[in-house]
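Reader: I have a chain open here and want to go through it with you. Can we start with the strands and move on from there?

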Amino acid sequence: MDIVVNCDYGGEELCGLPVRELAEFVIAAEGKPPATEVSISFVDDDEMTRLNEGYRGKRGPTDVLSFECDNLDDGFSASSPAEAPYELGDIVIAVDVCRRQAPEYGNTFAQEIELLLVHGLLHLCGYDHIEDDESAVMQARERELLAAWRELS
């Protein structure tokens, strides 16, 4: 797997967190190919606002955005050669939003980063939460993955 982590913003707080390892754990648990590629970027409120408004038409910053690339439904075959990259996509996490909302949800900063990372990865893997039934499935999978991850850590 090729996990690129960009900590240009919030690097001091993020450098000790196992971001890459958690991403690898989730991608493997979701059965994605060994040659999966994903990028994870941590940004400030201004950059997240720009992205949220530009791509979703929503004002202000949000906590996490996911931008899907390849999809197994797009013709990429799990039996493709191992060296063929499977570009899962890009995840952008707003560090400032994370810092503000963590206490609201009873999480530490690190726990909130973990939740947002898992949430973003699940979006790239095809999960959604627009409809109530989809939301319940996605939230259950988030809880399951985070519990399994924390057991390993």
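Author: This is a predicted model. As a starting point in the strands, T36 stands opposite Y86 in strand 4.

Reader: How many bridges join strand 2 to strand 4, and do they run parallel or antiparallel?

Author: There are 8 bridges between strand 2 and strand 4, and the two run parallel.

Reader: And strand 1 with strand 2, over how many bridges do they pair?

Author: Strand 1, residues 2-6, pairs with strand 2 over 5 bridges, in the parallel sense. Among the matched positions, D2 has E37 as its bridge partner in strand 2, and V4 stands opposite S39.

Reader: What is the strand order in the sheet?

Author: The order is 1-2-4-3, in an open sheet of 4 strands with mixed pairing. Strand 1 and strand 3 are at the edges with a single partner strand each, so each has one side without a neighbour in the sheet. On average, neighbouring strands are turned by 15° against each other, ignoring direction.

Reader: Strand 2, then. How many of its residues are buried?

Author: 7 of the 8 residues of strand 2 are buried, so the strand counts as mostly covered; buried here means under 20% relative accessible area.

Reader: Which strands does helix 4 touch?

Author: Helix 4 packs on the sheet, where it touches strand 2 and strand 4. Its direction makes about 60° with that of strand 4.

Reader: Which residues of helix 4 are buried?

Author: Helix 4 covers residues 95-104, and its buried residues are V95, D96, V97, C98, Q101 and A102.

Reader: Why would positions three or four places apart point the same way?

Author: An α-helix has 3.6 residues a turn, so residues at that spacing point the same way.

Reader: What do the buried residues of helix 4 pack against?

Author: They pack against helix 1 (11-14), strand 2 (36-43), helix 3, strand 4 (86-94) and helix 5 (109-124).

Reader: Where does G106 sit, and what is its phi?

Author: G106 comes just after helix 4 and takes a positive phi of about 75°.

Reader: Back to helix 5. Which strands does it lie across?

Author: Helix 5 lies across strand 2, strand 3 and strand 4, and runs at about 145° to strand 4.

Reader: Change of topic. How many aromatic pairs does the count come to?

Author: The count comes to 2 aromatic pairs. One of them is F25 with W149, a tilted pair with 5.6 Å centre to centre and 50° between the planes. This pair links distant parts of the chain, with F25 in helix 2 (residues 19-29) and W149 in helix 6 (residues 132-152), 124 residues apart.

Reader: Is W149 buried or exposed?

Author: W149 is buried, at a relative accessible area of 9%. F25 is partly exposed, at 21%.

Reader: And Y55 with F67, what sort of pair is that?

Author: The ring centres of Y55 and F67 are 4.9 Å apart and the planes stand at 65°, so the pair is edge-to-face. Y55 is in helix 3 (residues 45-56) and F67 in strand 3 (residues 64-68), 12 residues apart.

Reader: Y55, buried or exposed?

Author: Y55 is exposed, with a relative accessible area of 59%. Its partner F67 is partly exposed, at 22%.

How values were computed
Residues are numbered from 1 along each chain as its sequence is written. This is a predicted model: local features need pLDDT of at least 70, side-chain atom pairs count only at pLDDT 80 or more; totals for chains, interfaces and linings use all residues. Side-chain values use heavy atoms; hydrogens and water are left out. Rings of Phe, Tyr and Trp (its six-membered ring) pair if their centres lie within 6.5 Å; planes under 30 degrees apart count as stacked, over 60 as edge-to-face and the rest as tilted. Buried means under 20% relative accessible area, exposed over 50%, partly exposed in between (1.4 Å probe, protein chains only). Contact means heavy atoms within 4.5 Å. Two strands pair if DSSP finds at least two bridges between them. Axes are lines fitted to C-alpha atoms, for helices over the stretch in contact, and angles run from 0 to 180 degrees between N-to-C directions.
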